[in-house]
Amino acid sequence: MNPITMQLVADKYIRLALEEDINSEDVSTNAVMPEAKPGEVDLICKEDGIIAGLPVFARTFQLLDPETKVECSVKDGDAVTKGQHLATVKGDIRVLLSGERTALNYLQRLSGIATYTRSVAKLLEGTKTTLLDTRKTTPCMRIFEKYAVRMGGGSNHRYNLSDGVMLKDNHINAAGGVKEAIAAARAYAPFVRKIEVETETLEMVREAVEAGADIIMLDNMTTEQMAEAIAIIDGRAQTECSGNITRENIRKITDLGVDFVSSGALTHSAPILDLSLKHLRVVE
């Protein structure tokens with residue numbers, strides 16, 4: 001995550017997280033450390049995984065005190081192992097104590113997503129299928145969680161509702177049908193926008209192809225239905241498979257030749273990666 005994105009977009013969310021944890025003062029820290037004193041603490045990995053979110057981790061401390069330094073021995077996207085030393089955080093001990101939980105919350109969450117994503121992406125190696133995330137993200141965490149997916153080897157679907165046209169079942173119902181929805185989108189959306197249509201039946205697939213959809217999502221179809229749908233589409237649109245796709249069942253679609261597979265589980269079901277700040281010490 002580059003510094004410009006961090007300051008323009010991410011900082012406001014990190015500040016909110018810090019304010020949630022320190023709404024007036026850190027009573028515990030102020031009790032044991034009433035004055036500024038330099039110190040450092042080690043970031044230790046407690047299980048194997050993929051690290052992601054180090055810039056967010058560092059920025060959390062730096063928003064409390066710009067003089068805080070985070071010296072990393074790994075970079076985002078690296079595989080890490082249990083017991084590995086990942087970084088040293090140096091600065092005012094009060095900042096190290098007060099920022100610890102929020103910084104770790106970000107890093108553990110993002111590293112967990114990257115770790116889970118990497119495990120799913122490996123199952124697609126050697127196929128033509130690209131792994132995508134979805135908008136099923138934690139509120140106010142999307143910019144971080146989608147970044148973590150990329151660090152794990154996945155790709156991002158649209159970032160938000162302004163980022164692309166996706167006509168889902170309720171849009172189709174509102175418009176009066178697949179063809180009507182696509183025609184309305186063509187008339188309204190800028191020509192640079194691709195139009196994706198969610199289909200649940202083979203008849204909807206046929207309508208979407210005839211209406212000129214750019215991407216056709218095959219939603220919650222059986223393997224047999226998806227194979228037939230891909231034959232109907234016959235290269236006239238890109239294809240995406242979606243609907244309860246997880247690490248455990250993704251193998252069933254790898255031989256179909258679908259262009260994309262999207263999985264909300266990458267962000268909504270990934271467990272955290274266990275990390276810890278240890279060995280805090282005063283620097284004389």
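Which residues are linked with Arg281 in a network of salt bridges? They are Glu40 and Asp42, and together the three make up that network. Hello everyone, and thanks for coming. One thing before we go on: what we are looking at is a predicted model.

Let's start with the sheet. It is an open one, built from 6 strands in the order S6-S11-S10-S9-S8-S7, with parallel pairing. At the edges you find S6 and strand S7, residues 165-167; each has a single partner strand, so one side of each has no neighbour in the sheet. If you look at how neighbouring strands sit against each other, they are turned by 25° on average, ignoring direction.

Now let's zoom in on one pair. S9 and strand S10, residues 238-242, run in the parallel sense and share 5 bridges. A handy landmark here is Met217, which stands opposite Glu240 in S10.

What about the helices that pack on these strands? Helix H8 lies across S9 and strand S8, residues 195-199, and runs at about 165° to S8. Helix H9, residues 223-233, lies across S9 and S10, and its angle to S9 is about 165°.

On to the nonpolar interior. The largest nonpolar core has 59 residues, and Phe144, Val197, Leu218 and Ile250 are the ones with the most contacts inside it. Helix H4, residues 93-123, gives the largest share of this core, with 8 residues. Apart from this core lies another one of 22 residues, including Ile51, Val74, Val89 and Val95.

Let me stay with Val197 for a moment. Which residues does Val197 touch, leaving aside those up to four places away in sequence? The list is Leu167, Ile172, Val178, Ile182, Ala208, Ala213, Ile215, Ile216 and Met217. You'll recognise Met217 there as the residue standing opposite Glu240.

Back to charges, then. As a reminder, side chains of opposite charge can pair when their charged atoms come close. In this model the count comes to 14 salt bridges, and I've picked three to show you.

First up are Asp133 and Lys146, whose side chains meet with an N to O distance of 2.7 Å. Asp133 is in the loop between strand S6 (130-132) and helix H5 (142-151), while Lys146 is in helix H5, so this salt bridge ties together parts 13 residues apart in sequence. Are these two buried or exposed? Buried means under 20% relative accessible area. Asp133 has 0% relative accessibility, so it counts as buried, and Lys146, at 2%, counts as buried too.

Next come Asp214 and Arg186, which meet in a salt bridge at 3.3 Å, N to O. This pair links distant parts of the chain, 28 residues apart: Asp214 sits in the loop between helix H8 (202-210) and strand S9 (215-219), and Arg186 sits in helix H7, residues 178-188. Asp214 is partly exposed, with a relative accessible area of 26%, and Arg186 is partly exposed as well, with 40%.

The last pair is Glu203 and Arg206, where the closest N and O atoms are 4.0 Å apart. Both residues lie in helix H8, 3 residues apart, which is about one turn of the helix. Glu203 counts as partly exposed at 44% relative accessibility, and Arg206 does too, at 33%.

That's my tour. I'm happy to rotate the view to any of these spots, so please just shout.

Methods:
Residues are numbered from 1 along each chain as its sequence is written. This is a predicted model: local features need pLDDT of at least 70, side-chain atom pairs count only at pLDDT 80 or more; totals for chains, interfaces and linings use all residues. Side-chain values use heavy atoms; hydrogens and water are left out. A nonpolar core is a set of buried Ala, Val, Leu, Ile, Met, Phe, Trp, Tyr and Cys residues joined through side-chain atoms within 4.5 Å. Buried means under 20% relative accessible area, exposed over 50%, partly exposed in between (1.4 Å probe, protein chains only). Helices (H or I, at least four residues) and strands (E, at least two) are DSSP runs, numbered from the N terminus. Contact means heavy atoms within 4.5 Å. Two strands pair if DSSP finds at least two bridges between them. Axes are lines fitted to C-alpha atoms, for helices over the stretch in contact, and angles run from 0 to 180 degrees between N-to-C directions.
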